[in-house]
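Please look over the chain shown below. The report that follows goes through it by region.

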Amino acid sequence: MKHLVIQSLEELRKKRKAIRNVNIEHKKKITRLARIALWITEYVGSMGFLILVLSWTGLWLAWNTLAPQPYRFDPYPAFVLWLFISNMLQIFLMPLIMIGQNLQAEHSELRAEADFEINTKAESEIETILMHLENQNEMILKILDRLEKKEA
């Protein structure tokens with residue numbers, strides 16, 4: 001029985017491999033264009049960007065509604081230039097945001113795989129530890145049984 005325990009410990013040590021850092025793997029694999037897409041996705045998805053767009057829109061509409069007539073460059077009520085620029089911004093940002101989200105999902109999937117590997121290793125090691133504890137418990141019971149026989 002003792003030989004079996006030592007053998008399983010050695011098998012466990014052979015099965016162990018280094019835990020990989022998926023964040024480093026992902027950063028090495030990502031291209032410059034993908035980094036730009038991720039940056040845009042993170043920036044556009046922030047409250048700062050929302051405040052910037054709302055401020056820009058408010059200033060644009062206020063200027064073209066309240067400024068003296070000769071200084072208005074996109075007159076009320078159409079705001080054609082504002083609509084054009086806003087739509088172009090949306091058209092260009094939409095695919096970049098989707099690319100960034102796909103890259104974030106890929107990174108998330110790598111992290112999930114690494115978590116699964118770690119959980120599988122932990123489960124294997126816990127099973128081995130439990131086996132050792134059961135083995136030790138049996139040995140202690142045998143020792144106690146022998147001590148009781150000697151005292152009797």
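## Ala112 and helix 5

Ala112 sits in helix 5. In this predicted model, Ala112 is partly exposed, because its relative accessible area is 39% and the partly exposed class runs between 20% and 50%. Between the C-alpha atoms of Ala112 and Val22 there are 9.6 Å in space, although 90 residues separate the two in sequence.

Val22 also appears among the contacts of another helix 5 residue, His107, which is described next.

## His107 and His26

His107 belongs to helix 5. With a relative accessibility of 15%, His107 is buried, since the class takes in values under 20%. Once neighbours within four places in sequence are set aside, His107 contacts Val22, Asn23 and His26. Lys27 is 80 residues from His107 in sequence, and the C-alpha atoms of the two are 9.3 Å apart.

His26 is part of helix 2, which covers residues 22-29. Is His26 buried or exposed? His26 is buried, at a relative accessible area of 8%. Its contacts, leaving out neighbours within four places in sequence, are Leu103, Glu106, His107 and Leu110. The contact between His26 and His107 is therefore listed from both sides, under the cut-off of heavy atoms within 4.5 Å.

## Helix 3 against helix 5

Helix 3 spans residues 32-44 and helix 5 spans residues 80-151; their axes come within 8 Å of each other and cross at roughly 105°. Helix 3 is therefore roughly perpendicular to helix 5, because angles of 65 to 115 degrees fall in that class.

Which residues of the two helices meet? From helix 3 come Ala34, Ala37, Leu38, Ile40, Thr41, Glu42 and Val44. On the helix 5 side are Leu93, Leu96, Ile97, Ile99, Gly100, Gln101, Leu103 and Gln104. By type, the residues of this contact are 10 nonpolar, 4 polar and 1 charged.

## Thr41

Thr41 is a helix 3 residue. Thr41 counts as buried because its relative accessibility is 10% and the limit is under 20%. Its side chain reaches the backbone oxygen of Leu96, at a distance of 3.4 Å. Apart from neighbours within four places in sequence, the residues in contact with Thr41 are Leu96, Ile97, Gly100, Gln101 and Gln104.

Met98, in helix 5, has its C-alpha atom 8.0 Å from that of Thr41, with their positions 57 residues apart along the chain. Is Met98 buried or partly exposed? At a relative accessible area of 48%, Met98 is partly exposed.

## The largest nonpolar core

The largest nonpolar core has 5 residues in all: Ile40, Val44, Phe49, Leu93 and Ile97. At least two residues of this core come from helix 3, and at least two from helix 5. Ile40, Val44, Leu93 and Ile97 are also among the residues where helix 3 meets helix 5.

Ile97 touches Thr41 and Val44 when residues up to four places away in sequence are not counted. Thr41 has Ile97 in its own contact list as well.

## The loop between helix 4 and helix 5

Helix 4 covers residues 47-66, and Pro77 lies in the loop between helix 4 and helix 5. Which residues are joined by a cis peptide bond? The bond is the one between Tyr76 and Pro77, with omega of about 5°.

Phe79 lies in this loop too, between helix 4 and helix 5. Phe79 is not a glycine, yet its phi is positive, at about 50°. Phe79 is buried, as its relative accessible area is 10% and the cut-off is under 20%.

## The chain as a whole

The chain contains 5 helices and 0 strands. Along the sequence, the pattern reads α-α-α-α-α. Of the 152 residues in the chain, 20% are buried. His26, Thr41, Phe79 and His107 are among the buried residues.

How do the contacts divide by distance in sequence? Taking contacts between residues at least 6 apart in sequence, 67% join residues at least 24 apart.

Definitions and conventions
Residues numbered from 1 in each chain as written. Predicted model: local features only at pLDDT ≥ 70, side-chain atom pairs only at ≥ 80, totals over all residues. Heavy atoms only, no water. Axes fitted to C-alpha atoms, helices over the stretch in contact; angles between N-to-C directions. Helix = DSSP H or I, 4+ residues; strand = E, 2+ residues; numbered from the N terminus. Parallel < 35°, antiparallel > 145°, perpendicular 65-115°, else oblique. Nonpolar A, V, L, I, M, F, W, Y, C, P; charged D, E, K, R; others polar. Buried < 20%, exposed > 50% of the residue type's maximum accessible area, 1.4 Å probe, protein only. Polar contact = N/O pair within 3.5 Å; in protein donor to acceptor, adjacent residues only side chain to side chain. Core = buried A, V, L, I, M, F, W, Y, C linked by side-chain atoms within 4.5 Å.
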